[in-house]
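Me: I would like to practise reading a structure, feature by feature. Please give me the general idea each time, then the case at hand.

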Amino acid sequence: MANFATHINVAAMTSGISAILLGYTNIIDKDNTFIYFVAGTIGGILPDIDHNKAIPLKIMQFFFANLFAFIMSYSFVEVYPILNLIAIWIFSYLFVVVFFKLFKKLTTHRGIIHSIPCAFL
């Protein structure tokens, strides 16, 4: 069974070689090869987000919780005072944490996330 390091190394190697070959043959724009490399690398580790102790899941939870809290708070900067913005940040952050806890409870490792339709998404 592959671990996180194997998943990310194989995904990065495969995505890097593919992006370079596609850019070299002018199938894709050379300026976008890095974007394809990053997208392929992320796509290579996404199937393991349904594992409860997966590193990608922890990274995604931290990133999206802060991103969502920032967007929610920033959208009300000129409307509410600072204490209300802090409360909005905290509740937004906790909302995403609860969402990810439910995600962990509702998914099983090697379940629907490992399917072909999910790979196309």
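Reply: What follows is a walk from the overall fold down to single residues. Keep in mind that this is a predicted model.

Me: Start with the fold. How many helices and strands are there in the protein chain?

Reply: Begin by counting elements and reading their order. Here the protein chain has five helices and zero strands. Along the sequence the pattern is α-α-α-α-α.

Me: What share of the contacts comes from residues far apart in sequence, 24 or more positions?

Reply: Take the contacts in the protein chain with a separation of 6 or more; residues 24 or more positions apart account for 60% of them.

Me: And burial and surface? What percentage of the residues count as buried?

Reply: Relative accessible area is the guide, and buried means under 20%. Of the 121 residues in the protein chain, 23% count as buried. The chain exposes about 8900 Å², with 74% of that supplied by carbon and sulfur atoms.

Me: Now a single helix. How does the span of α3 compare with what its 20 residues should give?

Reply: Compare the end-to-end distance with the expected one. Helix α3 covers residues 55–74, and at 1.5 Å a residue its 20 residues should span 28 Å. Its end C-alpha atoms are 28 Å apart, so the two agree. Helix α4 can be checked likewise: its 25 residues reach 36 Å from first C-alpha to last, close to the 36 Å expected.

Me: Which residues of α3 are buried, and what covers them?

Reply: List the buried positions, then look for their cover. In α3 they are Pro56, Leu57, Gln61, Ala65, Ala69 and Ser73. Their cover includes α1, α2 and α4.

Me: Ser73 is on that list. Why does serine 73 count as buried, and what does it touch?

Reply: Serine 73 has 8% relative accessibility, so it counts as buried. Leaving out residues up to four places away in sequence, it touches Leu85, Ile88 and Trp89. Leu85 and Ile88 are themselves among the buried residues of α4.

Me: What else is buried in α4, and what covers it?

Reply: The list also includes Ser92, Val96, Val97, Phe100 and Phe103. The cover of the buried residues of α4 includes α3.

Me: Which residues make up the largest nonpolar core?

Reply: Look for buried nonpolar residues joined through side-chain atoms. The largest such core has seven residues: Ile49, Ala54, Leu57, Ala65, Val96, Phe100 and Phe103. Two elements, α3 and α4, give two or more residues to this core. The most comes from α4, with three residues.

Me: On to aromatics. How many aromatic pairs does the structure hold?

Reply: Read ring-centre distance and plane angle together. The structure holds six aromatic pairs. In one, the rings of phenylalanine 63 and phenylalanine 64 have centres 5.2 Å apart and planes at 70°, so the pair is edge-to-face. Phenylalanine 63 is partly exposed at 47% relative accessible area, and phenylalanine 64 is partly exposed at 37%.

Me: Why is the pair of phenylalanine 76 and tyrosine 80 called tilted?

Reply: Angle decides: planes over 60 degrees apart are edge-to-face, those under 30 are stacked, and the rest are tilted. The planes of phenylalanine 76 and tyrosine 80 stand at 50°, so this pair is tilted; the ring centres are 5.5 Å apart. Phenylalanine 76 is partly exposed at 28%, and tyrosine 80 is partly exposed at 37%.

Me: Last, backbone angles. What is the phi of asparagine 26, and where is the residue found?

Reply: Check the sign of phi, then the location. Asparagine 26 has a positive phi of about 65°, although it is not a glycine. It is found in the loop between α1 (4–24) and α2 (33–45). At 57% relative accessibility, asparagine 26 counts as exposed.

Terms used:
Residues numbered from 1 in each chain as written. Predicted model: local features only at pLDDT ≥ 70, side-chain atom pairs only at ≥ 80, totals over all residues. Heavy atoms only, no water. Helix = DSSP H or I, 4+ residues; strand = E, 2+ residues; numbered from the N terminus. Buried < 20%, exposed > 50% of the residue type's maximum accessible area, 1.4 Å probe, protein only. Contact = heavy atoms within 4.5 Å. Areas by Shrake-Rupley, 256 points an atom, 1.4 Å probe, with all protein chains shown as cover. Expected span 1.5 Å × (residues − 1). Core = buried A, V, L, I, M, F, W, Y, C linked by side-chain atoms within 4.5 Å. Phe/Tyr/Trp six-rings, centres within 6.5 Å; stacked < 30°, edge-to-face > 60°.
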